[in-house]
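Reader: Could you take me through one part of this model with care, giving the cut-off behind each term as you use it? I would like to look closely at the salt bridges and their surroundings.

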Amino acid sequence: MKNDTIAALSTPYGRGAVALIRLSGKESLKVFEKIFTSREKLEERRAVYGVVDTGSLKDDVIAILYTSPRSYTGEEVVEIFCHGSTVITESILRALIKNGARYAEKGEFTKRAFENGKLTLTEAEGIIDLIDAQSESAARAAYNLSSGKLKEKTKEIADGIKELTANLNAAIDYPEENLETDEYGECLSKCRKLIKKAKSLAETYESGKKINDGVNVVIAGKPNVGKSTLLNALVGFERAIVTPQAGTTRDTVESSYVFDGVLFKVTDTAGVRDDYDSEAERMGIERSFNAIKGADIVLILDDSEYETSAPKIFVGTKCDEIKIPDGRFAVSGKTGENITELKKLIYDKAGVNTGGEILLTNLRQFEALTRCAEALNRAAEGLENNVEAELITVDLLEAMSEAGAMDGAAATSEVVDGIFARFCVGK
């Protein structure tokens, strides 16, 4: 399958002005020329105008040839810009398949780029994060990943571990030249610096996850305290139904807004009360408690106690009608008074760091770096206690493996396949 020529639509399926179809594989040009005619010869990285004839219809297209290895995938690639009709794109794809290509699988173009050494796993994850970005901060974090900035940091750690391992291997290979105490001390100092680098990078995950996935804000309280009105005010439109009747919200209602470049996902919950009047309301209240437990921020609109480790903001929602008690942030869901100020407070409480260039954005990256730091910590303890060099290098090799897993050098096929399965077919 690796030697197959693959084809897919790389722009969204549907009607549009222009569509892009991509071919990749050693037979790309040969396959394409069977359906393409032009007065000009296809030359590398040069847009050429011509006509595609699928046998059932024709279309004027622009084609660009990329030769191996100077292409996205590292293989011979042809990109075809045609009119954005589903009839046209499907006809061209069928013609390409008939003439020797096959349909690409999810993420297969980018997977081939990874396999051909054009990008690392973290860069590939940056690309899918960039495609999925829902806010400016998420797009910036994704671009930093896709452009290799995380790769540079993990390489620094990996190179440091290699150097440290080489020093210890010298003691193993030449036991007659035992490492002196000061040399052990120097190795320990280097190891601690590597631990600090790994931990510092791992600590960016909390902000990176919130930026990438959005900050989960849950509104909690008894019936008729203004939860749904507050949701509508935060997101800027009437997402939830608002009535004077208690128990209107029987399920969680979700929407979102962006503030200062960060996505906030807001959940309105069913009003919590003991005297619920139906099984549906009871189930809704149960979901309310589950949502509160998984929140990043909880907006509390009553005096109840809620089981959560997330930061809490006590809010009074009807400052246009009543005096809000001290200790509550006063807003009006109806008039919008202080809603922007509340968004600023939520932003501050979320603890999102958008200033750093490099952020871990998924659990795989965080766990690999955490395991790397733990292995380095065991190596440091060994150095501190003058343990034999052979035993210390075992921990260093494990740390090296985890650092390598970040960018694919030691990643399992299941991890690699799982990453590229997140991509759409044409990427």
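**Salt bridges and their surroundings**

Author: Asp4, Glu75, Arg102, Glu108 and Arg112 are joined in a network of salt bridges, a salt bridge being a side-chain nitrogen of Lys or Arg within 4 Å of a carboxyl oxygen of Asp or Glu. The model is predicted, so local features need pLDDT of at least 70 and side-chain atom pairs count only at pLDDT 80 or more, while totals for chains, interfaces and linings use all residues. Residues are numbered from 1 along each chain as its sequence is written, and side-chain values use heavy atoms, with hydrogens and water left out.

Within this network, the side chains of Arg112 and Glu108 meet in a salt bridge at 3.4 Å, N to O. The two residues are 4 apart in helix α3 and therefore separated by about one helical turn, where helices (H or I, at least four residues) are DSSP runs numbered from the N terminus. In general, an α-helix has 3.6 residues a turn, so residues three or four places apart point the same way. Arg112 is buried, with a relative accessible area of 4%, and Glu108 is likewise buried at 10%; here buried means under 20% relative accessible area, exposed over 50%, and partly exposed in between, with a 1.4 Å probe and protein chains only.

Glu75, another member of the network, is touched by Asn116, which also touches Thr73 and Gly74, not counting residues up to four places away in sequence; contact means heavy atoms within 4.5 Å. Asn116 is found in the loop between α3 (108-115) and α4 (121-132), and at 40% relative accessibility this residue counts as partly exposed.

Helix α4 also carries a salt-bridge partner, since Arg364 pairs with Glu125, the closest N and O atoms being 2.8 Å apart. This pair links distant parts of the chain, with Arg364 in helix α12 (residues 363-384) and Glu125 in helix α4, 239 residues apart, and both Arg364 and Glu125 are buried.

Helix α12 takes part in a further pair, in which Glu398 forms a salt bridge with Arg378, the closest N and O atoms being 2.9 Å apart. Glu398 lies in helix α13 (residues 389-407) and Arg378 in helix α12, so the pair ties together parts that are 20 residues apart in sequence. Glu398 is partly exposed at 34% relative accessibility, and Arg378 is partly exposed with a relative accessible area of 34%. A search of the whole structure finds 26 salt bridges, including the pair of Glu398 and Arg378.
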